[in-house]
Amino acid sequence: MSATSAGTEARPSRWRVGLGRLAAGAALLAAVAMLPWLSGNDPALTVLRARSADQDPTPEQLAAVREQLGLDQGPFAHLAHWLGGLPRGDAGTSWVSGEPVLPQVTSAFAVSVTLMLGALAVTVAVAALASARTLYLGSRRRLHRGSGAIGVAVLAALPKFLLASLLATVCGVWLGWLPSSGWEGPASMVLPALALGVPTGAVIGGLLDQSLPAAFSEPWARTWRACGFTPGRVARHALRRALAGVLPQLLPSVVGLVGGAVAVEKIFNIPGLGRLALDAAIAQDLPPLQTATLALILLGAVAGVLIQALRRALLGPALRDGALATSHTPAASQRRFTRSAAAVCALALLALITAGLLRDPLHVDTAARLLPPSTAHPMGTDALGRDLLARLGHGALRTMGVALVVTAVCTLTGLLLGMAAQVGAGLTEVVSTMPAVLAGLLTTAVTGPSAWGAALAVCLVGWTPYAAQAAALLEQERASGHMLASISFGAGPGYLLRHHLLPAVLPGVLRNALLRLPTTVLVLASLGFLGLGEQPPTAEWGRLLSENQPYVELAPWTVLGPACALVLLSVLAVSGTDAVAVRGKASVRTSRRSRGKGVPTQDEVSAGRTGPRPAARRSAAVRSR
């Protein structure tokens, strides 16, 4: 098998990817069209209440609304009618306001894309700062220990809606530097872009920081240093090599902000597409909701094509010709500071949980509302006078348990779909731009509001980062020289999966999952805040942040406790990613040893020793005799 043919077979064909995009988009539009009927509520009643807030409409009024909107024809007839008007530029009229839908969606889409570009600039800047140390030391052969990335963990754990509230209060209201509400010009974009871009940039920067040591350990880097190339040139090419594996994360992390920045848009009063889609979904106003969903599907498809083209341009002809060197993280011990920080965070978190479990989280004392921290209430009280330490401790097991289950399901689903590139490529692009709030509305319509209904909603959309990463790493692994050498020596699919593909993909995907664990907690919190997840008075960290977010300016201690708990959890997760990186090199070396099969290892391919091993040559001589 030639390198070119192997690389071609490893990549999904364009028509299958296009078919996957079309099927996923059609399924999503059909699900959105059925939302009013899935909810079990009368769509005419919901629309009439959204129009006039009439709590007791008469049967005659409901019948008139059904006849006007054609609700008796069913969801698919309405969907077909809406699709038939799109070629003429007619996306229908709003069921609530009666105004044309297309101008509303176009204006909101332009606002959200502008905000996304600003967030992308902030993401790139934060990611560059997060990975600058590793890039500098690696280019000078001084990268001997893990970076720790404690600062990355702190930034990645910041809730976007809490950061938005702090920025709006401090920079917009107290200092008056920038607008804190509305969308009137470039200045209105700065604070929302910071709130969205800083946590996202920390996640992307953490992934890039973990990928750079593998790029610096490739054979070309050692050769270039021996030939006297400057550290700057080595750093540029190592960055180019590492970016190829991290670039697909921009689709679910940054492009997904177009429809997923609902909380930030509400705080800053921004007329974006996510806010428009949420309001339409709550009012069951199908024409604007379907048009916004279609815009997100098209954006995901276009962004996916551009990101794939840029990624293949970064890798160059080596991806097509099967000449890539496999990236593997070199063995690096965790720094003593990282281990000490992880131990301190674990003890602090355990102490908070234990102390909170000894208190009553449901006791209401209206005379003790919003009290600051004291001896009686070490973390203060909330707006109902409940002890915040008690609610933090009792919500720990539920919060971390649900988040771990959701992260495990999303990771496994993303890994399976990422390995099935023929099926998952188009599906990943479409689902990555779907807001978790919209998925929550669809699942709640079937299961009702509950913690596990919100978990199911996050599982429906949360697998996309892992699928994109797994697909990118698999494509690079299949185009590596040692992979093609193994195939030429007769290695079967099972052997390749166990000894080449999984060892190349699993460490990176697991590090990504651990780094995104606090983000899962926050997404579950946003669904609970909208009434789609955990219901009060149940204690849960995300709900604590959401409930107390309006009191940030008056009583900042109400959000300080759960925010610090998330930071501690994030530091522990990043310490886990360092542990995965430390063990990754040994596991890769062990899994790639071929005992008795005559298959060359990666090191032998890099050194040019791709012939059969002595044991294989002796076996071949015996067979010839």
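A residue is called exposed when its relative accessible area is over 50%, and buried when that area is under 20%. With 59% relative accessibility, Arg141 therefore counts as exposed. This arginine sits in the loop that runs between helix H7 (101-139) and helix H8 (150-156). The structure is a predicted model, and the backbone at this position has a feature worth a look: phi of Arg141 is near 60°, a positive value in a residue other than glycine. Asn269 also has a positive phi without being a glycine, with a value near 55°. Its place is the loop between helix H15 (262-267) and helix H16 (273-282). Asn269 is partly exposed, since its relative accessible area is 36%.

The surface also carries a nonpolar patch. Val170, Val173, Trp174, Leu175 and Trp177 make up this patch, and together they offer about 560 Å² of accessible area. Trp177, one of its members, belongs to the loop between helix H9 (160-174) and helix H10 (187-216). The relative accessibility of Trp177 is 62%, so this tryptophan counts as exposed.

Aromatic side chains come next. The structure holds 2 aromatic pairs. In one of them, the ring centres of Trp220 and Trp224 are 5.1 Å apart and the ring planes meet at 75°, which makes the pair edge-to-face because that angle is over 60 degrees. Both tryptophans are part of helix H11 (residues 219-226), where they are 4 residues apart, or about one turn of the helix. Trp224 pairs with Phe229 as well: here the ring centres are 4.8 Å apart and the planes are at 25°, so the arrangement is stacked. Trp220, Trp224 and Phe229 thus form one aromatic cluster. Within this cluster, Trp224 is buried, with a relative accessible area of 19%, while Phe229 counts as partly exposed at 30% relative accessibility. A charged residue joins the picture too, as Arg233 lies over the face of Trp224, 5.6 Å from the ring centre.

Attention now turns to charged pairs. Side chains of opposite charge can pair when their charged atoms come close. A search of the whole structure finds 6 salt bridges, and three examples are described here. Arg241 forms a salt bridge with Glu218, with 3.0 Å between the closest N and O atoms. Because Arg241 is in helix H12 (residues 231-246) and Glu218 is in the loop between H10 and H11, this pair ties together parts that are 23 residues apart in sequence. Both partners, Arg241 and Glu218, are buried.

A further salt bridge joins Arg311 to Glu475, and their closest N and O atoms are 2.6 Å apart. Arg311 belongs to helix H17 (residues 286-315) and Glu475 to helix H25 (residues 464-478), so the pair ties together parts that lie 164 residues apart in sequence. Arg311 counts as buried, at 0% relative accessibility. Glu475 is buried too, with a relative accessible area of 9%.

In the third example, Glu547 forms a salt bridge with Arg386, and 3.8 Å separates the closest N and O atoms. This pair links distant parts of the chain, 161 residues apart: Glu547 is in helix H29, and Arg386 is in the loop between helix H19 (336-357) and helix H20 (388-394). Arg386 counts as buried, with 8% relative accessibility. Salt bridges can also share partners, and in this way Arg311, Arg312 and Glu475 are joined into one network.

One last site brings together residues from separate stretches of the sequence. Ala539 is found in the loop between helix H28 (517-529) and helix H29 (541-548). How buried or exposed is Ala539? Its relative accessibility is 8%, so Ala539 counts as buried. When neighbours within four places in sequence are left aside, Ala539 is in contact with Arg391, His394, Gly395 and Arg398. Between Ala539 and Leu362, the C-alpha to C-alpha distance is 8.5 Å, although the two are 177 residues apart in sequence.

Key:
Residues numbered from 1 in each chain as written. Predicted model: local features only at pLDDT ≥ 70, side-chain atom pairs only at ≥ 80, totals over all residues. Heavy atoms only, no water. Helix = DSSP H or I, 4+ residues; strand = E, 2+ residues; numbered from the N terminus. Buried < 20%, exposed > 50% of the residue type's maximum accessible area, 1.4 Å probe, protein only. Contact = heavy atoms within 4.5 Å. Phe/Tyr/Trp six-rings, centres within 6.5 Å; stacked < 30°, edge-to-face > 60°. Lys NZ or Arg CZ within 6 Å of the ring centre and 35° of its normal. Patch = residues over 30% accessible without salt bridge, like charges linked within 9 Å, V, L, I, M, F, W, Y side chains within 5 Å. Areas by Shrake-Rupley, 256 points an atom, 1.4 Å probe, with all protein chains shown as cover. Salt bridge = Lys/Arg side-chain N within 4 Å of Asp/Glu carboxyl O.
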